[in-house]
Amino acid sequence: MDFRSFDMLSVGILAINTTNEIVYLNNAYASFLEMPKYKVLNQPVRKILPHTNLDNVCKTGKSEIGVWQKTKRGYLFGNRLPIIEDGKVVGALAELVLENDEVLDTLKDRLNKVGSKVNYLTDQLKNSIGMDKVIYHSDEMTKVIFNVIKIAPLFDTVLLTGETGTGKEVVAEMLWQHSGRSNAHFLKINCAALPNELIESELFGYEKGAFTGANLAGKPGKFEMADGGILFLDEITSMPMSMQAKLLRVLQDKEVERLGSTRKKKVDIKILAASNANIPELIRKQQFREDLYYRLNVVNIHVPPLRERKTDVLLLADYFLGEYARHFNRTVMSIAPDAGEILKNYYWPGNVRELKNMMERFIIICDSPVITYKDMMEYAQFIPASSMNVSSFRYAVSSTEKNVIFKALEQCNGNKSKTAKLLGINRSTLYTKLSRFNDDTYD
């Protein structure tokens with residue numbers, strides 16, 4: 001690239017190559033640095049500009065627009081852009097606005113004035129989960145998000161169902177954020193993590209001297225602490241039957257009574273409950289109260305398993321790879337197409353949680369910038385089919401059958417009569433199976 005025309009600009013221009021050496025700077029940039037060009041050219045960019053991020057732009061190929069550059073003279077404003085030739089990144093260019101000291105001081109003052117506001121808002125948002133934090137493209141998750149938006153301001157109780165690792169807690173936090181109670185408490189309690197003898201005191205609290213070892217001052221329970229806010233009861237089906245009856249009374253009367261007390265206290269709370277179990281089956285086995293189920297199940301949001309969200313798999317994988325690359329200060333990896341097909345067709349018994357852990361493993365173990373088919377087979381640690389539950393097994397069988405039929409259709413150029421003959425089935429059976437797959441690719 002010919003940079004000579006840049007010498008006429010008042011904007012500072014500096015360019016580096018893929019080895020992060022400075023290959024060009026215009027007169028305006030050299031004047032700003034107060035260094036002759038020959039002392040800057042061919043030097044490592046971080047030696048001249050220790051705080052630059054231009055080398056990272058060169059590595060990632062991603063532009064950084066409207067950034068502040070720290071220098072010995074203060075902060076400068078500008079852009080960082082990759083230089084691309086024939087589809088490849090061959091370097092990066094810094095474009096900085098060079099103004100006089102008075103203008104720079106004014107800009108710096110403005111930056112300082114908004115700094116405290118930015119810090120405050122950052123603290124407020126640090127633990128929040130908004131819609132933009134949910135990574136999805138599939139129709140299935142689009143429906144979930146739509147229901148969250150519709151339900152959040154109105155619900156009193158919501159039952160979240162779905163397999164383990166699907167993200168029910170994330171959905172619960174979204175409901176809280178958009179409920180109109182985001183400034184109030186959002187308390188979580190995992191019913192499966194508490195011993196039966198402690199869950200009542202955790203939920204209802206206790207008065208002083210209520211039992212041996214009790215805090216002398218007494219203690220409020222989660223119902224009281226969540227007053228005005230939302231209480232999230234995860235793994236609700238692990239709650240003992242005796243506690244289920246007490247929970248039902250709280251839902252009906254909006255009152256709680258501490259252990260060792262005779263006084264009831266009104267509470268204004270919304271309840272979110274989550275379960276990965278088949279609740280109707282537990283009711284049939286008399287392991288969960290039917291009346292509590294109907295009281296909780298006023299609104300149900302089912303979070304679909306990852307195997308039903310195939311278009312989300314690679315989207316999520318890329319997101320987790322980026323997150324862990326930043327966390328471990330590693331190079332961001334990409335996924336080869338054949339490796340991506342393996343991810344999309346895996347049945348994901350651990351769902352999003354399993355995918356997240358798998359991507360963390362790749363960032364830690366793999367040294368290559370691209371995750372290959374070989375890497376996938378060596379490091380993925382896929383759970384064997386023998387560990388599938390019934391629904392996962394049925395899905396895997398159906399998915400395999402579908403792949404075989406589509407492969408045969410391709411070999412027969414879409415001719416269904418030849419495809420049926422190749423597969424050893426009659427034409428009507430083939431049509432039935434294609435109809436079940438909801439396929440309209442072939443005539």
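Which residues does I236 touch, not counting residues up to four places away in sequence? In this predicted model, I236 touches C191, L247, A273, A274, S275, F288 and L296.

**Cores**

I236 is one of the residues that touch the most other members of the largest nonpolar core, a set of 30 residues. The others in that group are L203, F223, L231, L233, M239 and F288. Two or more residues of this core are given by each of strand 7 (186–190), helix 8 (196–204), strand 10 (230–234), helix 10 (241–253), strand 13 (270–275), helix 11 (279–284) and helix 12 (290–296). Helix 10 supplies the largest share, 5 residues. Another core, of 28 residues, lies apart from it, and I135, A317, V352 and I371 are among its members.

**Chain and confidence**

The chain has 443 residues, of which 42% are buried. It contains 19 helices and 16 strands. Of the contacts with a separation of 6 or more, 63% join residues 24 or more positions apart.

The average pLDDT of the chain is 81, and 80% of the residues score at least 70. Among the elements, strand 6 (residues 157–161) has the highest mean pLDDT, 96, and helix 5 (residues 101–125) the lowest, 46. Residues 113–130 have pLDDT below 50, and this stretch makes 8 contacts in the model beyond near neighbours in sequence. Residues 439–443 are also below 50, with 9 contacts beyond near neighbours in sequence. Where pLDDT is low, the predicted coordinates should not be read in detail.

**Helices 13 and 15**

Helix 13 (310–328) is one of the elements against which the buried residues of helix 15 pack. Helix 13 has 19 residues and reaches 28 Å from its first C-alpha to its last, close to the 27 Å expected at 1.5 Å a residue. Its buried residues are D312, V313, L316, A317, F320, L321, G322, Y324 and A325. These pack against helix 6 (139–151), strand 15 (334–335), helix 14, helix 15 and strand 16. One of them, A317, belongs to the core of 28 residues. N329 follows helix 13 and has a positive phi, near 55 degrees.

Helix 15 (residues 351–365) has 15 residues, so at 1.5 Å a residue it should span 21 Å; its end C-alpha atoms are 21 Å apart, in agreement. The buried residues here are N351, V352, E354, L355, M358, M359, F362 and I363. Besides helix 13, they pack against helix 14 (337–345), strand 16 (370–371) and helix 16 (373–379). V352 is a member of the core of 28 residues, as is I371.

**Buried sites**

Five residues with their relative accessibility are listed below.

| Residue | Relative accessibility |
|---|---|
| T157 | 3% |
| I405 | 3% |
| C366 | 4% |
| S179 | 7% |
| C412 | 13% |

Why does T157 count as buried? Its relative accessibility is 3%, and buried means under 20%, so T157 qualifies. T157 is found in strand 6, the element with the highest mean pLDDT. The side chain of T157 reaches the backbone oxygen of R295 at 3.3 Å. Leaving aside neighbours within four places in sequence, T157 is in contact with L251, I271, R295, L296, V298 and V299. L296 is also among the residues touched by I236.

Where is S179 placed? S179 sits in the loop between helix 7 (168–177) and strand 7. S179 counts as buried because its relative accessibility is 7%. Its side chain reaches the backbone oxygen of W176 at 2.8 Å. Not counting residues up to four places away in sequence, S179 touches A152, P153, F155 and I230.

I405 is found in helix 17 (residues 390–411). With a relative accessible area of 3%, I405 is buried. I405 and T419 are 14 residues apart along the chain, and their C-alpha atoms are separated by 7.9 Å.

The cysteines C366 and C412 count as buried, at 4% and 13% relative accessibility. How many disulfides does the structure hold? The number is 0.

Terms used
Residues are numbered from 1 along each chain as its sequence is written. Side-chain values use heavy atoms; hydrogens and water are left out. A disulfide is a pair of cysteine sulfur atoms within 2.5 Å. Buried means under 20% relative accessible area, exposed over 50%, partly exposed in between (1.4 Å probe, protein chains only). Helices (H or I, at least four residues) and strands (E, at least two) are DSSP runs, numbered from the N terminus. The expected span of a helix is 1.5 Å times one less than its number of residues. Contact means heavy atoms within 4.5 Å. pLDDT is the predictor's confidence in each residue, from 0 to 100. A nonpolar core is a set of buried Ala, Val, Leu, Ile, Met, Phe, Trp, Tyr and Cys residues joined through side-chain atoms within 4.5 Å. A polar contact is a pair of N or O atoms within 3.5 Å; within protein, one must be able to donate a hydrogen and the other to accept it, and residues adjacent in sequence count only if both atoms are side-chain atoms.
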